[in-house]
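Me: Please take a close look at the interior of this model, beginning with its cavities and going on to its aromatic rings.

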Amino acid sequence: RESLRLRAAGPVQFLAAALTALAVLVLVMAFNTVHERILPVPESMREQFSAFLAPSGERPGLWLLFFAMAVSPAVCEEALFRGVILSALRRRLGPVATIVVVSVLFGVFHLSIYRFVPTALISLPITYVALRTGSIFPGMVMHGLNNAFALLLGTGLLPDMVTRLFLTPDGNTARQSPALVGSAVLALLCGIILLEWSSRGR
């Protein structure tokens, strides 16, 4: 129970986690447009990923894809990284060093040089939330929301109005709208303030 951080979290902490997750998703998508110029993903890898996400039209297939890419990683990867590894490192390192090391390991775990930095960046706030709340469950929500949104965006299952907010018309590049990025920064600050307020005394 202690190693896996199986401690209950309050509703405000879950709200803060969800707000932070959505904000970080937008900011990392914006960062990816810069990352692509430095280390572009090979076209063959893009095509393989698009083919993997292509909806089959069969509802069971979509639910299985959702479970495999959103629910399962949110539970299993969080139990490993924000559970066992975080608890082990926290006994030896300070909070900042723990957050950084866990996030670097999380990026390495995905075994892709193209995904290392974005994945590590997404891990930073999730690890911070797990450390601040003392619970693994808000991090699971953050992880699941991130993967679910990316999956819905990649499969084209979101309404066009929502998709146009995040992707350019060709569907391959994230938008860097100043208003969207500014809103994400504001949402991130609100999420952190909520989290700090709800976790005061820890």
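**Cavities and rings**

Reply: The structure holds two cavities of 30 Å³ or more, a cavity being a set of points on a 1 Å grid where a 1.4 Å probe fits but cannot get out. The model is predicted, with local features needing pLDDT of at least 70 and side-chain atom pairs 80 or more, while totals for linings use all residues. Residues are numbered from 1 along each chain, and side-chain values use heavy atoms, without hydrogens or water.

The largest cavity, with a volume of about 50 Å³ (the space filled by probe spheres set on the points), is lined (an atom within 4 Å of a point) by Ala 21, Val 24, Leu 25, Ile 122, Pro 125, Ile 126, Met 142 and Asn 146. At least two residues of this lining come from each of helix H1 (11-38), helix H5 (116-133) and helix H6 (137-155), helices being DSSP runs (H or I) of at least four residues. By class, seven of the lining residues are nonpolar and one is polar, with no charged residues.

Turning to the rings, the count comes to three aromatic pairs, with ring centres within 6.5 Å. In one of them, Trp 63 and Phe 66 lie edge-to-face (planes over 60 degrees apart), 6.2 Å centre to centre and with 85° between the planes; being three residues apart in helix H3 (residues 59-90), they are separated by about one helical turn. Trp 63 counts as exposed (over 50%) because its relative accessibility is 55%, whereas Phe 66, at 27%, counts as partly exposed (20% to 50%). The rings of Phe 81 and Phe 106 have centres 5.1 Å apart and planes at 85°, so this pair is also edge-to-face; it links distant parts of the chain, with Phe 81 in helix H3 and Phe 106 in helix H4 (residues 95-109), 25 residues apart. Both Phe 81 and Phe 106 are buried, which means under 20% relative accessible area, and together with Phe 109 they form one aromatic cluster.

Key: On a 1 Å grid over the protein atoms alone, a cavity is a set of points where a 1.4 Å probe fits but cannot get out, and a pocket is an open set with protein on both sides within 12 Å along at least five of seven lines; lining residues have an atom within 4 Å of a point. Ala, Val, Leu, Ile, Met, Phe, Trp, Tyr, Cys and Pro count as nonpolar, Asp, Glu, Lys and Arg as charged, and the others, Gly among them, as polar. Rings of Phe, Tyr and Trp (its six-membered ring) pair if their centres lie within 6.5 Å; planes under 30 degrees apart count as stacked, over 60 as edge-to-face and the rest as tilted. Buried means under 20% relative accessible area, exposed over 50%, partly exposed in between (1.4 Å probe, protein chains only).
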